[in-house]
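Work through the exercises below with the structure in view. Each task is followed by a solution in steps.

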There are 2 protein chains.
Amino acid sequence: MREGFHGQLTAIRGALGDMTDTAATAMERATVALLGADLTVAEGVSGLATQLDAARRVVEDQTYEVLALQQPVASDLRTMVMAIKVGGDIHRMGTLAQHVAKVAVRRHPGFAVPDELFPLIRKMGDVAVRMAQSAGAVLHSTDAADAGRLSIDDDAMDGLRRALFRTLLDNWSYGVESAIDMALLGRYYERFADHAVAIADGVVYLVTGEMPREPDEKLS
Amino acid sequence: MREGFHGQLTAIRGALGDMTDTAATAMERATVALLGADLTVAEGVSGLATQLDAARRVVEDQTYEVLALQQPVASDLRTMVMAIKVGGDIHRMGTLAQHVAKVAVRRHPGFAVPDELFPLIRKMGDVAVRMAQSAGAVLHSTDAADAGRLSIDDDAMDGLRRALFRTLLDNWSYGVESAIDMALLGRYYERFADHAVAIADGVVYLVTGEMPREPDEKLS
């Protein structure tokens with residue numbers, strides 16, 4: 001029974017890791033859709049977000065089952081509480097990827113991102129995807145070392161957001177609508193990154209008993 | 001023991017209701033700070049957000065204790081899972097109120113909101129606050145009827161957001177920086193409202209066994 005129980009805990013953590021990998025793929029494709037003005041790829045992102053929603057329900061049902069039937073205590077109980085929270089973070093990452101894809105859809109057949117910002121948005125996408133992958137790795141390995149990369153990438157994301165806003169406020173020549181799109185895109189990528197950090201921090205907390213930092217977004 | 005247990009559940013729900021009331025106050029003051037360019041009021045919002053953060057930790061510790069010592073099942077277990085999720089929603093509402101207050105601080109001693117948008121932003125603030133109050137009432141009463149008002153106000157918030165974007169895209173004459181501020185403000189109020197809906201829906205689900213609607217934000 002107890003062996004089956006720990007198998008269940010490992011399975012739940014593994015499922016959350018797989019979901020985080022799916023969130024990374026969703027944001028990767030959303031960025032491809034955005035930069036390539038590609039409707040088909042954008043539609044695929046909605047499919048992944050729907051998939052994440054279903055997967056989250058399954059994990060939540062499994063978590064209820066463990067809580068009700070196994071009545072875990074101590075770190076096992078904390079793992080279950082972490083699973084409920086992390087499920088919410090991953091679900092939200094899927095929605096944020098959908099928001100990015102929606103910008104592509106709204107501007108199609110035009111390109112939403114002006115040439116000048118193309119490299120910067122691509123970098124934001126790359127960093128966001130890498131952070132989700134790192135968070136997934138932390139869930140799979142529960143290795144706190146994997147979480148170290150998140151912190152570096154989180155600083156990189158902050159720098160990119162600042163650079164984006166500097167560009168928007170310095171003789172922006174693409175109009176108000178485009179400025180709003182870019183500001184909201186910056187926010188979507190940043191929030192996606194915040195959720196990746198929250199996931200990794202939650203796992204590190206479970207393993208080490210110490211919260212690496214306040215997982216909520218820094219005020220900006 | 002069981003009587004004490006149900007007292008604990010009621011206390012946790014009550015604490016979450018009080019926290020939601022505090023989130024309503026935070027957003028009310030943030031809007032006052034924003035529209036009045038009032039630094040003192042803006043600083044008070046940070047204090048409320050910090051208070052919410054501490055209250056959330058207390059509720060979470062109490063929830064752990066109940067889960068570990070009382071091993072609740074069925075609807076009692078669902079109440080505990082709801083408490084973990086709702087704690088996250090309320091915490092986030094405090095952060096969003098802080099974001100609104102920060103816009104006021106950044107533009108001080110100027111006024112962040114152009115006169116033309118003053119009534120609309122005030123309405124967004126009113127609706128957001130009312131939604132948080134309704135969500136708090138649902139937590140206190142667990143009366144599904146209280147949740148009905150949320151749905152009407154949520155539609156109102158959608159309409160206000162659309163009106164805001166129409167204004168921004170129609171001969172906006174206050175510059176790019178102000179347009180970005182207004183777009184982000186619209187998003188903060190809207191997300192605050194989304195969390196209020198998620199709270200009320202969670203409670204209704206507990207009581208009626210039926211989820212009123214997808215609690216996550218509609219794609220926009």
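**Exercise 1.** Decide whether B:Asp194 is buried or exposed, and describe its salt bridge.

Solution. In this predicted model, B:Asp194 has a relative accessible area of 9%. A residue counts as buried under 20%, so B:Asp194 is buried. Next, take its partner: B:Arg191 has a relative accessible area of 10% and is buried as well. The closest N and O atoms of the salt bridge between B:Asp194 and B:Arg191 are 3.0 Å apart. Finally, place the pair: both residues lie in helix 6 of chain B, separated by three residues, or about one turn of the helix.

**Exercise 2.** Check the length of helix 6 of chain B against the expected span, and state how many of its residues are buried.

Solution. Helix 6 of chain B covers residues 175–208, which is 34 residues. At 1.5 Å a residue the helix should span 50 Å. Its end C-alpha atoms are 49 Å apart, so the two values agree. As for burial, 29 of the 34 residues are buried, and the helix is mostly covered.

**Exercise 3.** Find which parts of chain B are tied together by the salt bridge of B:Asp181 and B:Arg106.

Solution. Start with the contact: the closest N and O atoms of B:Asp181 and B:Arg106 are 2.8 Å apart. B:Asp181 belongs to helix 6 and B:Arg106 to helix 3 (residues 74–107) of chain B, so the pair ties together parts 75 residues apart in sequence. Then compare accessibility: B:Asp181 is buried at 4%, whereas B:Arg106 is partly exposed at 45%.

**Exercise 4.** Do the analysis for B:Arg130 and B:Asp153.

Solution. These two residues form a salt bridge with closest N and O atoms 2.6 Å apart. The pair links helix 4 (residues 118–141), which holds B:Arg130, to helix 5 (residues 144–169), which holds B:Asp153; the two residues are 23 apart. B:Arg130 is partly exposed, at 41%, and B:Asp153 is buried, at 8%.

**Exercise 5.** Describe the interface of chain A and chain B.

Solution. First, count the contacts: 38 residues of chain A touch 38 residues of chain B. Second, give the area: about 3700 Å² is buried, with 63% from carbon and sulfur atoms. Third, list the polar links: there are two salt bridges across the interface and four residue pairs in polar contact. Fourth, find the main contributor on chain A: helix 3 gives twelve residues, the largest share of that side. Last, sort that side by type: 18 residues are nonpolar, six polar and 14 charged.

Technical notes. Residues are numbered from 1 along each chain as its sequence is written. Chains are lettered from A and ligands numbered from 1 in the order in which they are written. This is a predicted model: local features need pLDDT of at least 70, side-chain atom pairs count only at pLDDT 80 or more; totals for chains, interfaces and linings use all residues. Side-chain values use heavy atoms; hydrogens and water are left out. Contact means heavy atoms within 4.5 Å. Buried area is the accessible area (1.4 Å probe) that two parts lose on being put together, summed over both. A salt bridge is a side-chain nitrogen of Lys or Arg within 4 Å of a carboxyl oxygen of Asp or Glu. A polar contact is a pair of N or O atoms within 3.5 Å; within protein, one must be able to donate a hydrogen and the other to accept it, and residues adjacent in sequence count only if both atoms are side-chain atoms. Helices (H or I, at least four residues) and strands (E, at least two) are DSSP runs, numbered from the N terminus. Ala, Val, Leu, Ile, Met, Phe, Trp, Tyr, Cys and Pro count as nonpolar, Asp, Glu, Lys and Arg as charged, and the others, Gly among them, as polar. The expected span of a helix is 1.5 Å times one less than its number of residues. Buried means under 20% relative accessible area, exposed over 50%, partly exposed in between (1.4 Å probe, protein chains only).
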